[in-house]
Amino acid sequence: VKAEPTGPLQLFSRWERQQWQATDYALTAEADAWAKLRPFTQEELSALIGQFFLGEAAVTETLAPLAHAAPNPEWQLFLCTQLADEARHTVFFLRYVKAVQRRHEELGDLLSELWRSASAGQIQLFQRELSDATERVRTSPDDEEAWYRAIAIYHLLVEAVLAIAGQKSLLATVRELAVLPVLEDGILHVARDESRHIAFGTDALRHGVQIGYGDAIHDTLSVGIPSVVHVLIDPGRRSPSFLLRPLLLRRAAQLEALWESAMLALLKRVRSIGLAQRAWEIEQTWLVARDDALDRYEAIHGVQHPVRQVTQGPVEVKR
Ligand SMILES: [Fe+2]
Ligand SMILES: [Fe+2]
């Protein structure tokens, strides 16, 4: 399979060919189908969609400085297309949430509500790390290192690792339910857009490594990884307890596979931007953060996380 060219102008042209309209979807039938879902399923889906919605809104808000300060004009052209994409993704989730949850609030009010119930990991990653990194670029647009650091958080950690994992689990859930065609179609369009963003970010970071920002990029990734892992594992959220062992095993295997694929996605990008010699360190940072998140789960809920119950045997033995 021939890889598609990923120069900024090729990506621009892909963007032109891959247009879609977030405001085009009719949502009445989808809202009826949603209303027929079991309350537990609605809650699970709402949590996943809420995470996505919040993420899309956070990246929409923080991208402009990166476009403004792009080190070369072709990159700036591409980033202008990405600005439109992220706004479109936010609009898609806004319309969707309003329709299926029968809400009438404005975007700002819905987001404030979502932020109030956001996890510690989400707050750390989006409101501190992503927002500080892009704010730095806004106030010092000539600081090239700051730009590469922000791209490392934005395009690599948030998009190539976290958003891809979120898409996978949301898409798997939606496909299994097979009654929400609008959500499925919307996620697929979002995923196609994200693949262009990630291709751009990978190219830009590879260039950054070549011109001497490898240490800064590596350092940014190391600092950001624990937050990404905490968003993924979300230790504050109690997993349902599984009375039947096969259900526990299934759930644990799903989560393990999701986390593993997120880590592998990260390592793949780390290698492809030219930091292969640091991949081992990055992997250790990830694994330490994963253990830390699972410890925190235990500290908060007083029981082992399903993933640990499986690998370390049952917590309590009933006689
Ligand atoms: Fe997006
Ligand atoms: Fe994106």
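These exercises, each with a worked solution, concern a predicted model.

**Exercise 1.** Find which residues of the largest nonpolar core touch the most other members, and which helices supply the core.

*Solution.* Begin with the core itself, which has 62 residues, and in which Trp147, Phe200, Ile217, Leu232, Leu266 and Trp286 touch the most other members. Next, turn to the helices: α3, α4, α5, α7, α8, α9, α10 and α11 each supply at least two residues of this core. Finally, take Leu232 as an example; leaving aside neighbours within four places in sequence, Leu232 is in contact with Leu162, Ala165, Leu258, Trp259, Ala262 and Trp286.

**Exercise 2.** Decide how α5 and α8 are oriented to each other, and describe their contact.

*Solution.* The axes of α5 and α8 come within 15 Å and cross at roughly 45 degrees. Angles under 35 degrees count as roughly parallel, and those from 65 to 115 as roughly perpendicular, so α5 and α8 are oblique to each other. The crossing of these two helices, α5 and α8, is left-handed. On the α5 side the contact is made by Trp75, Leu79, Gln82 and Glu86, which meet Trp147, Tyr148, Tyr154, His155 and Glu159 of α8. Sorted by class, this contact of α5 with α8 has five nonpolar, two polar and two charged residues.

**Exercise 3.** Determine whether Leu107 counts as buried, partly exposed or exposed, and name the residues that Leu107 touches.

*Solution.* First locate Leu107, which lies in helix α6, residues 107-116. Buried means under 20% relative accessible area and exposed over 50%, so Leu107, at 30% relative accessibility, counts as partly exposed. Then, not counting residues up to four places away in sequence, Leu107 touches Phe53, Thr90 and Leu94.

Conventions. Residues are numbered from 1 along each chain as its sequence is written. Chains are lettered from A and ligands numbered from 1 in the order in which they are written. This is a predicted model: local features need pLDDT of at least 70, side-chain atom pairs count only at pLDDT 80 or more; totals for chains, interfaces and linings use all residues. Side-chain values use heavy atoms; hydrogens and water are left out. A nonpolar core is a set of buried Ala, Val, Leu, Ile, Met, Phe, Trp, Tyr and Cys residues joined through side-chain atoms within 4.5 Å. Buried means under 20% relative accessible area, exposed over 50%, partly exposed in between (1.4 Å probe, protein chains only). Helices (H or I, at least four residues) and strands (E, at least two) are DSSP runs, numbered from the N terminus. Contact means heavy atoms within 4.5 Å. Axes are lines fitted to C-alpha atoms, for helices over the stretch in contact, and angles run from 0 to 180 degrees between N-to-C directions. Angles under 35 degrees count as roughly parallel, over 145 as roughly antiparallel, 65 to 115 as roughly perpendicular and the rest as oblique. A crossing is left-handed if the near helix is turned anticlockwise from the far one by less than a right angle, and right-handed if clockwise. Ala, Val, Leu, Ile, Met, Phe, Trp, Tyr, Cys and Pro count as nonpolar, Asp, Glu, Lys and Arg as charged, and the others, Gly among them, as polar.
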